[in-house]
Each structure stands twice: as C-alpha cells, then as structure tokens.
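Hello,

I'm passing on the structure we talked about, so that you can open it alongside this message. My notes on what turned up follow below.

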Amino acid sequence: MRLFRVVSKTIWDQTQQLGYVPRCGNDHKLDCVHLNVEEAVLFIANKYFVYAEAPLVLEIDDALFNDRIEWLPPSDEQPWLQPRAHIDNLPQAAIITAIPLSYRDGLFGWKNEEQ
C-alpha cells in the first residue's frame with residue numbers, strides 16, 4: 001500500500017535543509033508522524049491547507065519504519081485506514097517523490113485528473 005504525507009512548500013523547503021520532515025502540531029500532540037493512504041490525500045489537502053501554502057504530496061517508502069506503523073480504523077469523517085508512524089521524524093530518505101497539487105475552483109486536486 002502506498003503511503004503519503006501532505007506538506008506545505010515551506011515545510012518541503014525545510015525538509016531539504018534538515019534531512020527530515022518536521023513534525024506538525026498534531027504529530028507533536030500525539031507523539032507520532034501522521035501519514036495518509038491515497039484515498040485521504042485530497043481530503044487532508046483541502047481540509048488543512050490553503051492555496052498560499054502550495055501543498056505538495058510526498059510519496060513515502062515506509063521500508064525504513066514499516067514495523068512502527070500503527071493502523072487506525074476508518075472513522076465517519078475519514079472512511080479509510082489512518083496510518084501513523086511511531087518515529088521521531090519522517091526521514092527525507094523515505095521520500096520517493098514530491099508531487100505538487102493543482103488548484104481550481106477553491107479545491108486541490110491531482111494535477112493529472114479532472115476535479
């Protein structure tokens with residue numbers, strides 16, 4: 001199963017300098033790194049990001065920490081599995097690619113798909 005993390009352009013720039021993705025507020029609060037299954041990416045982007053943040057979707061290779069991923073069950077608001085990794089930070093080495101999202105009519109979407 002492919003895993004993802006949505007980050008702002010600012011966080012992506014910091015990642016390239018630090019060598020890891022800095023934790024967000026929810027990561028600190030729950031002491032884990034929140035990841036997403038593909039079905040959750042656009043929901044997360046549209047719920048937590050604004051156009052000015054220019055969010056990117058990081059595709060993650062979890063081979064370095066897959067034994068430390070906890071899979072939360074789907075919820076009413078998020079009807080898909082919700083992975084969270086019990087690691088200090090998401091290492092840059094685990095990032096396969098960074099994909100910018102398109103933005104049209106107030107919504108983020110995949111660049112190669114109609115919204």
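Let me start at the surface. Met1, Trp71 and Leu81 make up a nonpolar patch of about 330 Å². Please keep in mind as you read that this is a predicted model. Of the patch residues, methionine 1 sits in the segment before strand 1, which covers residues 3-7. Its relative accessibility is 70%, so methionine 1 counts as exposed.

**Salt bridges**

Next to the patch residue in sequence comes arginine 2, and this is where I would look next. Over the whole structure there are nine salt bridges. In one of them, arginine 2 meets glutamate 38, with an N to O distance of 3.3 Å. That pair links distant parts of the chain: arginine 2 belongs to the segment before strand 1, while glutamate 38 is in the loop between strand 4 (36-37) and helix 3 (41-48), 36 residues apart. Both partners are partly exposed, arginine 2 with a relative accessible area of 42% and glutamate 38 with 37%.

Arginine 2 also forms a salt bridge with glutamate 59, where the closest N and O atoms are 3.5 Å apart. Since glutamate 59 lies in strand 5 (residues 56-60) and arginine 2 in the segment before strand 1, this pair ties together parts 57 residues apart in sequence. Glutamate 59 counts as buried, at 13% relative accessibility. Taken together, Arg2, Glu38 and Glu59 are linked in a network of salt bridges.

Another salt bridge joins aspartate 67 and arginine 68, with 3.7 Å between the closest N and O atoms. Here aspartate 67 is exposed at 63% relative accessibility, whereas arginine 68 is partly exposed at 38%.

**Strand 5 and its neighbours**

Glutamate 59 leads us to strand 5. How many of its five residues are buried? Five of the five are, so strand 5 is largely enclosed by the rest of the structure. In a regular strand, side chains alternate between the two faces of the sheet. In strand 5, Leu56, Leu58 and Ile60 point one way, and Val57 and Glu59 point the other way.

Strand 5 is joined to strand 1 by five bridges, and the two run antiparallel. Within that pairing, valine 6 has valine 57 as its bridge partner. Five bridges also join strand 5 to strand 9 (residues 95-100), again in an antiparallel arrangement. There, leucine 56 stands opposite proline 100.

**An open sheet**

There is also an open sheet of three strands, in the order 3-7-6, with antiparallel pairing. Its edge strands are strand 3 (33-34) and strand 6 (69-72), each of which pairs on one side only. Strand 3 is joined to strand 7 (residues 82-85) by two bridges, and in strand 7 alanine 85 is the bridge partner of valine 33.

**Aromatic pairs**

The search of the whole structure gave four aromatic pairs. In one, the rings of phenylalanine 4 and tryptophan 110 have centres 6.3 Å apart and planes at 65°, so the pair is edge-to-face. Because phenylalanine 4 lies in strand 1 and tryptophan 110 in the segment after strand 11 (107-109), the pair ties together parts that are 106 residues apart in sequence. Both phenylalanine 4 and tryptophan 110 are buried. Elsewhere, ring pairs link Tyr51, Tyr103 and Phe108 into a cluster.

**Cysteines**

Finally, what is the count of disulfides? The count is zero. For cysteine 24, the nearest cysteine sulfur is that of cysteine 32, 8.5 Å away. Why is there no bond for cysteine 32? Its closest cysteine sulfur, in cysteine 24, is 8.5 Å away, which is too far for a bond, given that a disulfide needs the two sulfur atoms within 2.5 Å. The surroundings of the two cysteines are worth a look as well: cysteine 24 is partly exposed at 33% relative accessibility, while cysteine 32 is buried, with a relative accessible area of 0%.

Happy browsing, and best wishes!

Methods. Residues numbered from 1 in each chain as written. Predicted model: local features only at pLDDT ≥ 70, side-chain atom pairs only at ≥ 80, totals over all residues. Heavy atoms only, no water. Pairing = 2+ DSSP bridges. Helix = DSSP H or I, 4+ residues; strand = E, 2+ residues; numbered from the N terminus. Buried < 20%, exposed > 50% of the residue type's maximum accessible area, 1.4 Å probe, protein only. Patch = residues over 30% accessible without salt bridge, like charges linked within 9 Å, V, L, I, M, F, W, Y side chains within 5 Å. Areas by Shrake-Rupley, 256 points an atom, 1.4 Å probe, with all protein chains shown as cover. Salt bridge = Lys/Arg side-chain N within 4 Å of Asp/Glu carboxyl O. Phe/Tyr/Trp six-rings, centres within 6.5 Å; stacked < 30°, edge-to-face > 60°.
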